[in-house]
Amino acid sequence: MSKRLASFHGPSTPTSSPVSQPRHPGTPASPSRASETTIHRKARTLLQELRSLSHGWDDVVLVDGLNAARTLVDTRTELNNAFAVHAPGSLPRSPIVGPKLAVMEKCIVQLDTVLTKLVRIPFMNVFSGQSLSCDQQQKNLRRMGTVVDNLEALYHEAQKTKGPKWCKEEPLWLSWSLEKFVLSIGSITTPYHRSLVLLDGLVNQLRSHSLSFETSRLIINQWIEQLYLVENGWDAQWEDICAVEVEKWDAR
């Protein structure tokens, strides 16, 4: 997208603090706010779709994934402890190896499923509200890219109907123009790509049943931290901006 919009001039990343201007009830900041158009509604819907995708990502990683990873580590530790209390060469009276191994293998399958969910999640057509068929399902990260592409397409549509000056200078709601939204949000997928690569590496480490408890603990901490999303994910970069800049952002 950055190549196709190379002729535009503007910041490539959002500012950490959106411009805050006083809002007076009944006094629109711009003509755009006085009469919301299809362009406004589509832009807001696409931005909200990005938020939903990022929150869905967090749910899969920090609920499904974290539960599976913790259960795997706990079960492996319990098995190691069970062997530690017996004399060398002796076996526990009750069968524990088979059941524990079954639980661990199940957890590994669940972790693989988590990675699959992150790259392939069924989704709704954001404009029609209709569920898409299996052939139309797209990878999660590609979905984010598709939303960004749709914002760019909306920009070109607005150029035809509103004119280049309107796209560049007219605030959509408060102070950000459509062009600024399009230029700034183009890199939103980058931290999620990096996070997926990290999670894949952590899962591969957790597969080994000879992994030490200390190493396992460090992996769990990395899983929770989501290093690449702490400062560059949706909540860190965009939620506050949209809450200020997008009219009816949290309207249901």
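The paragraphs below lead through a predicted model of a protein chain, beginning with its overall make-up and moving on to its helices, its salt bridges, a surface patch and two residues with an uncommon backbone angle.

The secondary structure of the protein chain comes to eleven helices and zero strands, so that a reader following the elements from the N terminus meets the run α-α-α-α-α-α-α-α-α-α-α. Of the 252 residues in the chain, 38% count as buried, and the chain exposes about 13,800 Å², of which carbon and sulfur atoms supply 54%. Among the contacts in the chain with a separation of 6 or more, 76% are accounted for by residues 24 or more positions apart.

A good place to begin looking at the fold is helix α2, which covers residues 38-84. This helix packs with helix α4 (residues 140-161) at an angle of about 170°, their axes being 10 Å apart. An angle over 145 degrees counts as roughly antiparallel, and α2 and α4 are therefore described as roughly antiparallel to each other. On the α2 side, the residues that meet α4 include I39, K42, A43, L46, L47 and W57, while the α4 side contributes, among others, N140, L141, M144, V147, N150 and L154. Two of these residues show how the chain brings together positions that are apart in sequence: K42 and N150 are 108 residues apart along the chain, and their C-alpha atoms are separated by 9.3 Å. K42 itself is found in helix α2 and is partly exposed, with a relative accessible area of 25%.

The helix α2 also has a second partner, helix α8 (residues 213-225), and here the axes come within 10 Å and cross at roughly 175°. For this pair, too, the description is roughly antiparallel. The residues of α2 that take part include V61, L62, G65, L66 and V73, and they meet a set in α8 that includes F213, S216, I220, W223 and I224.

Which residues near this pairing form a nonpolar patch on the surface? L62, V63 and I224 do so, and together they have about 210 Å² of accessible area. L62 lies in helix α2 and is partly exposed, with a relative accessible area of 32%, and both L62 and I224 also appear among the residues through which α2 and α8 meet.

Charged side chains give another view of the structure, since a search of the whole model finds ten salt bridges. In one of them, D64 pairs with K117, the closest N and O atoms being 3.0 Å apart. D64 lies in helix α2 and K117 in helix α3 (residues 97-119), so this pair ties together parts that are 53 residues apart in sequence. Both ends of the bridge are partly accessible: D64 counts as partly exposed at 33% relative accessibility, and K117 counts as partly exposed at 33% as well.

Another salt bridge joins the side chains of K168 and E179, with a distance of 3.4 Å from N to O. K168 lies in helix α5 (residues 164-169) and E179 in helix α6 (residues 178-184), so the pair ties together parts that are eleven residues apart in sequence. Here the two partners fall into separate classes, for K168 counts as partly exposed at 41% relative accessibility, whereas E179 counts as buried at 6%. The salt bridge between E36 and R44, whose closest N and O atoms are 2.7 Å apart, can be read in a similar way, with E36 partly exposed at 25% relative accessibility and R44 buried at 9%. Salt bridges can also be linked to one another, and R51, E239 and D250 are joined in such a network.

The last stop is the backbone. Most residues other than glycine have a negative phi, and against that background two residues deserve a look. Q226, which is not a glycine, has a positive phi of about 50°; this residue is found in the loop between α8 and α9 (227-230) and counts as buried at 7% relative accessibility. K248, also a residue other than glycine, has a positive phi near 60°. Is K248 buried or exposed? K248 is exposed, with a relative accessible area of 54%, and its place is in the segment after α11 (239-245).

Terms used:
Residues numbered from 1 in each chain as written. Predicted model: local features only at pLDDT ≥ 70, side-chain atom pairs only at ≥ 80, totals over all residues. Heavy atoms only, no water. Salt bridge = Lys/Arg side-chain N within 4 Å of Asp/Glu carboxyl O. Buried < 20%, exposed > 50% of the residue type's maximum accessible area, 1.4 Å probe, protein only. Helix = DSSP H or I, 4+ residues; strand = E, 2+ residues; numbered from the N terminus. Patch = residues over 30% accessible without salt bridge, like charges linked within 9 Å, V, L, I, M, F, W, Y side chains within 5 Å. Areas by Shrake-Rupley, 256 points an atom, 1.4 Å probe, with all protein chains shown as cover. Axes fitted to C-alpha atoms, helices over the stretch in contact; angles between N-to-C directions. Parallel < 35°, antiparallel > 145°, perpendicular 65-115°, else oblique. Contact = heavy atoms within 4.5 Å.
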